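Colleague: I would like to go through this model with you. Tell me how each label is earned.

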Amino acid sequence: MNRAHAPRVLSIAGTDPTGGAGMHADLKAISAMGGYGMAVVTALVAQNTCGVRSVHVPPVSFLREQLDAVSDDVVIDAVKIGMLADADIIATVRGWLDNVRPPLVVLDPVMVATSGDRLLDASAEGALRELCRVADLITPNLPELAVLAETAEAADWHQAVSQARQVSRDLGTTVLLKGGHLTGADAPDALVDARPDPAVPGGYAEAHAPRVATTCTHGTGCTISSAMATRIAAGDTWPQALERVKAWLTRALTAAADLEVGQGHGPVDHFVDLRGCIR
Ligand SMILES: Nc1ncnc2c1ncn2[C@@H]1O[C@H](COP(=O)(O)OP(=O)(O)O)[C@@H](O)[C@H]1O
Ligand SMILES: Cc1ncc(COP(=O)(O)OP(=O)(O)O)c(N)n1
């Protein structure tokens, strides 16, 4: 399916004033993948490439007003959900999703940043697990996958695939399993769907790329989930979307250090393919 218009993708996420993660990374990834990006803010986060300083959560009534303002006016082709901060925010987003029923929902179950700072109240993990049931695709990293599987973090790819299968079965959704937290020359990712009627042919599709030797990995999780939402909404098959997004993210990681942003874990270069093309 080739749409006449760019896919209209809504990010529901927290902020990162340094532009590397959260809704800022989402908007860049959506644009880089050919979509039209929109954003509703769940939480304002004072963070940079070194870590999170504080989180401010506006009233949930205002969150609902933002969501309704978009859906009352714009046809939404895909929604990407990131940081939700607490159980009230999760309930508000759930209520809106039940009302609007967007055609594609991609949920990145953000719990803890790479810096170790919490982005979700520990008491809201159960509510987030339940929200996964209404997502078409979830994109947990290995620590988040372990929480969803209610077990210890996978030590290798084989264990991770098995946890992803269990989560897919238990929560009735497709899992994008990400190997970023493992070590080794290869950085594998896979679409895992253990349901009887999987969204991915055969229930499994793997994509590989070399592991990039860089500390600039801030926002990679936000980036890949938004990019997947955009490419699936654009009409790629799910395995095609993963191949395309993985190759682009690897280029963005390879060019990341040249951005020279921040003193900690810098952001990836979402617009790596545009450098040198601006007239
Ligand atoms: N050093 C790296 N080289 C190549 N790909 C990486 C690297 N680090 C992360 N990735 C990729 O970035 C994406 C996000 O991965 P991951 O780090 O597991 O999630 P999160 O950012 O949510 O913690 C995945 O596609 C993963 O394979
Ligand atoms: C506002 C906000 N949302 C999500 C994250 C986490 O980003 P993610 O890409 O999952 O991973 P790291 O950047 O922590 O590697 C964030 N920091 N801020």
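Colleague: What makes you say that both faces of β1 are covered?

Modeller: This is a predicted model, and the call rests on burial. On one side of β1, Arg 8, Leu 10 and Ile 12 are buried; on the other, Val 9, Ser 11 and Ala 13 are buried. Buried means 20 or more other C-beta atoms within 10 Å of the residue's own. Six of the six residues in β1 (8–13) meet that. In a regular strand, side chains alternate between the two faces of the sheet.

Colleague: How do you know that β1 pairs with β2?

Modeller: Count the bridges. Pairing needs at least two. β1 and β2 have six, in the parallel sense. Ile 12 faces Val 40 of β2. Between these strands the chain passes through helix α1 (22–32), and this β-α-β crossover is right-handed.

Colleague: Why is that crossover called right-handed?

Modeller: Because, with the strands pointing away from the viewer, a path that runs clockwise from the first strand over the helix to the second earns that name. The crossover from β1 through α1 to β2 is of that hand.

Colleague: What pairs with β1 over four bridges?

Modeller: Strand β5 (78–81), again in the parallel sense. Ile 12 stands opposite Ile 81 there.

Colleague: What makes β2 an edge strand?

Modeller: β2 (36–41) pairs on one side only, and β10 (204–207) likewise. The eight strands form an open sheet ordered β2-β1-β5-β6-β7-β8-β9-β10. The pairing is mixed. β1 with β2 is parallel, whereas β8 (174–178) and β9 (189–192) run antiparallel, joined by four bridges. In that pair, Leu 176 is opposite Leu 191.

Colleague: How do you know that the buried residues of α4 are on the same side?

Modeller: They are Leu 128, Leu 131 and Cys 132. Their arc around the axis is only 110 degrees, which puts them on the same side of α4. An α-helix has 3.6 residues a turn, so residues three or four places apart point the same way. The cover over the buried residues of α4 includes α3, β6, β7, α5 and α6.

Colleague: Which residues are closest to ligand 1?

Modeller: Asn 141, Lys 178, Gly 180, Thr 220 and Gly 221, from a shell of 18. That shell holds six nonpolar, nine polar and three charged residues. Helices α7 (220–234) and α8 (238–254) each supply at least two.

Colleague: What gives the most to the shell around ligand 2?

Modeller: α7, with three residues. The shell has 19 residues, and Gly 14, Gly 22, Ala 113, Thr 114 and Gly 221 are the closest. Eight are nonpolar, ten polar and one charged.

Conventions:
Residues are numbered from 1 along each chain as its sequence is written. Chains are lettered from A and ligands numbered from 1 in the order in which they are written. This is a predicted model: local features need pLDDT of at least 70, side-chain atom pairs count only at pLDDT 80 or more; totals for chains, interfaces and linings use all residues. A residue is near a molecule or strand if its C-beta atom, placed from the backbone, lies within 6 Å of it. Ala, Val, Leu, Ile, Met, Phe, Trp, Tyr, Cys and Pro count as nonpolar, Asp, Glu, Lys and Arg as charged, and the others, Gly among them, as polar. A residue is buried if 20 or more other C-beta atoms lie within 10 Å of its own, exposed if 12 or fewer, and partly exposed in between; C-beta atoms are placed from the backbone. The arc is that of the directions from the helix axis to the C-beta atoms. Two residues are in contact if their C-beta atoms, placed from the backbone, lie within 7 Å.
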